[in-house]
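Here is a report for a first look at this structure. The sequence and the model come first, and the description follows.

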There are 2 protein chains.
Amino acid sequence: MSTVLDLLSAPLEPYAVRIATRKRQRLSLAAEPEEMLYLIRKGLHLTSAPMPHDRHQVLSILYPGDIVRASALPPIEGAAVISASDKGEVWRVRWSAIEALLGRDANVARVISDRLTDQAARSALHKSILAGLSGDERVVALMLEIAARTGRETATGVTFEMPLSRNDIAEYMALNADTVSRIVSRLRASGVLTPAGRNLLICPSFADLARACPLAPAITRLHNAGHLLPA
Amino acid sequence: MSTVLDLLSAPLEPYAVRIATRKRQRLSLAAEPEEMLYLIRKGLHLTSAPMPHDRHQVLSILYPGDIVRASALPPIEGAAVISASDKGEVWRVRWSAIEALLGRDANVARVISDRLTDQAARSALHKSILAGLSGDERVVALMLEIAARTGRETATGVTFEMPLSRNDIAEYMALNADTVSRIVSRLRASGVLTPAGRNLLICPSFADLARACPLAPAITRLHNAGHLLPA
DNA sequence: CGTAGATTTGAGTTCTGTCAAATTTTGTGG
DNA sequence: CCACAAAATTTGACAGAACTCAAATCTACG
């Protein structure tokens, strides 16, 4: 099966510097002196930017196959990619190399444009979630996203790892860590999520979880969770 | 001077259907049956999506040179482009035509990718504004954006038209119309904005306005407002 | 000149943030 | 494997910003 990741990896391989990442590792993003494109190969990664009052904000979650470069983020000093998974892999390529490829290889042009478009849609959805949903709904939206992306069907429900700390979740969902903790406690109490050890969660009924978030249909569609929902 | 708009218009022209738009006109966005790309030629336009509880949300403001297609927005039934200006112009092109062009014309591939990247950066900045700033700061952010894009230096300050209604502003800034009204009243009272007739505003000191919004530097940089600020 | 829609403003409510303290988890070195 | 310090999480009490609802203006336009 040829995935999006393969489609991009093949042409970029000759130009790429492989970077093995560990949890919390930062890759700083800057257009100067030379702009780099990062291709996510393995693991979950976050784009993060510093904000006023010593805060930070997680702008997006990057999954394997995603690409990112400084020009695609707000011009804020200190923007970075941060690894959320224990072990990840990222390829770094000079943007100038990509630009040259765009001219030579029609496939690369198509894949890059598709990737940017898909990521734009996810970014817009994330924006909708932040702007339109309550705190509880936002946290559920994140759980749905991670479950959709990384979850597995098990006997007791959909099992998935949550590699984001309470603080990461807060920075991604525009809440604060205390509030996130309260919300997660409520979700646990209501039974839609069950803790299953070290950062591991079980969602006994994916449909119930989806019901707790008005934008669930859009989330599951964009993150390919068809397989977790009843037809 | 060759602008971004020209760079895109030239190659797309043979495939484009010209659409003259009037205020509030909707162009619906759907991937089915055939996906269309819209190129903004004149005027300000909004991308809007319906939300739970009979709400709507403005996902982005589109300026001349911007492009949009359904795949770049969340898969929400009823997403549309809505004209904010009295008279606008939009070109509609079949996405399949663009895709073919990507292979033939290296320039098109480069421009499209640049456009998507720039728009991604603006979307991410918008997200930062929604997630990290107070209501007052968010409204100021919008004023800065519009002033930066469309404002002119006059004797009394930077003059610009605000084509968005209170409700549009509310939907763009994740506030409600009542709150926006209160905030604008406060801005007027504090003197950073002066009404100057029909949807026209004057900002006596652009620097003062910028001081009222922590993300002003990023906003002015992304929206090319260098010319409105003291060096 | 009258009406429908937009805007403004007030009063009361609610959700989320802030601050602080208690508790749990994690990482490290013996 | 255990002890301990540091960090993360949880929870309570309280404050504040923004929302809701409603009424009063104001504007645009036929």
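## The contact between the chains

Chain A gives 40 residues to its contact with chain B, and chain B gives 40 residues as well. Contact here means heavy atoms within 4.5 Å. The two chains bury about 3,400 Å² between them. Carbon and sulfur atoms hold 68% of that area. Buried area is the accessible area (1.4 Å probe) that two parts lose on being put together, summed over both. On the side of chain A, A:P75, A:T117 and A:K127 supply 18% of the area buried against chain B, more than any other three residues.

This is a predicted model: local features need pLDDT of at least 70, side-chain atom pairs count only at pLDDT 80 or more, and totals for chains, interfaces and linings use all residues. Residues are numbered from 1 along each chain as its sequence is written, chains are lettered from A and ligands numbered from 1 in the order in which they are written, and side-chain values use heavy atoms, with hydrogens and water left out.

## DNA strand C

Around DNA strand C there are 18 residues, and A:G135, A:D178, A:T179, B:R166 and B:S185 come nearest. A residue counts as near a strand if one of its heavy atoms lies within 4 Å of it. Of the strand C atoms that come within 4 Å of the protein, 57% belong to sugar and phosphate.

A polar backbone atom of A:G135 is 2.6 Å from a phosphate oxygen of strand C. The side chain of B:R188 also places an N or O atom 3.0 Å from a phosphate oxygen. A:R182 reaches a base instead: a side-chain N or O atom is 3.0 Å from a base oxygen. Such polar contacts are pairs of N or O atoms within 3.5 Å. The largest share of the surface near strand C, five residues, comes from α6(B). Helices (H or I, at least four residues) and strands (E, at least two) are DSSP runs, numbered from the N terminus.

## DNA strand D

DNA strand D is also surrounded by 18 residues; the closest are A:R166, A:S185, B:R55, B:G135 and B:T179. Sugar and phosphate make up 63% of the strand D atoms within 4 Å of the protein.

Which atom of strand D lies 2.9 Å from an N or O atom in the side chain of A:S181? A phosphate oxygen does. A:D178 has a polar side-chain atom 2.9 Å from a base oxygen. In chain B, a side-chain N or O atom of B:D178 is 2.9 Å from a base nitrogen. Here α6(A) supplies the largest share of the nearby surface, five residues.

## Two helices of chain B

In chain B, the axes of α5 (residues 166–173) and α6 (residues 177–190) come within 8 Å and cross at roughly 105 degrees. So α5(B) is roughly perpendicular to α6(B), a term for angles of 65 to 115 degrees. From α5(B), the contact uses B:R166, B:N167, B:I169 and B:A170. From α6(B), it uses B:A177, B:V180, B:S181, B:V184 and B:R188.

## Unusual backbone

Most residues other than glycine have a negative phi, and most peptide bonds are trans. A:E32 and A:P33 are joined by a cis peptide bond, with omega about -5 degrees. A:P33 sits in the loop between β2 (26–28) and β3 (36–42) of chain A. In chain B, a cis peptide bond joins B:E32 and B:P33, again with omega about -5 degrees.

B:D54 is not a glycine, yet its phi is positive, about 60 degrees. B:D54 lies in the loop between β4 (45–51) and β5 (55–62) of chain B.

Key. Axes are lines fitted to C-alpha atoms, for helices over the stretch in contact, and angles run from 0 to 180 degrees between N-to-C directions. Angles under 35 degrees count as roughly parallel, over 145 as roughly antiparallel, 65 to 115 as roughly perpendicular and the rest as oblique. A polar contact is a pair of N or O atoms within 3.5 Å; within protein, one must be able to donate a hydrogen and the other to accept it, and residues adjacent in sequence count only if both atoms are side-chain atoms.
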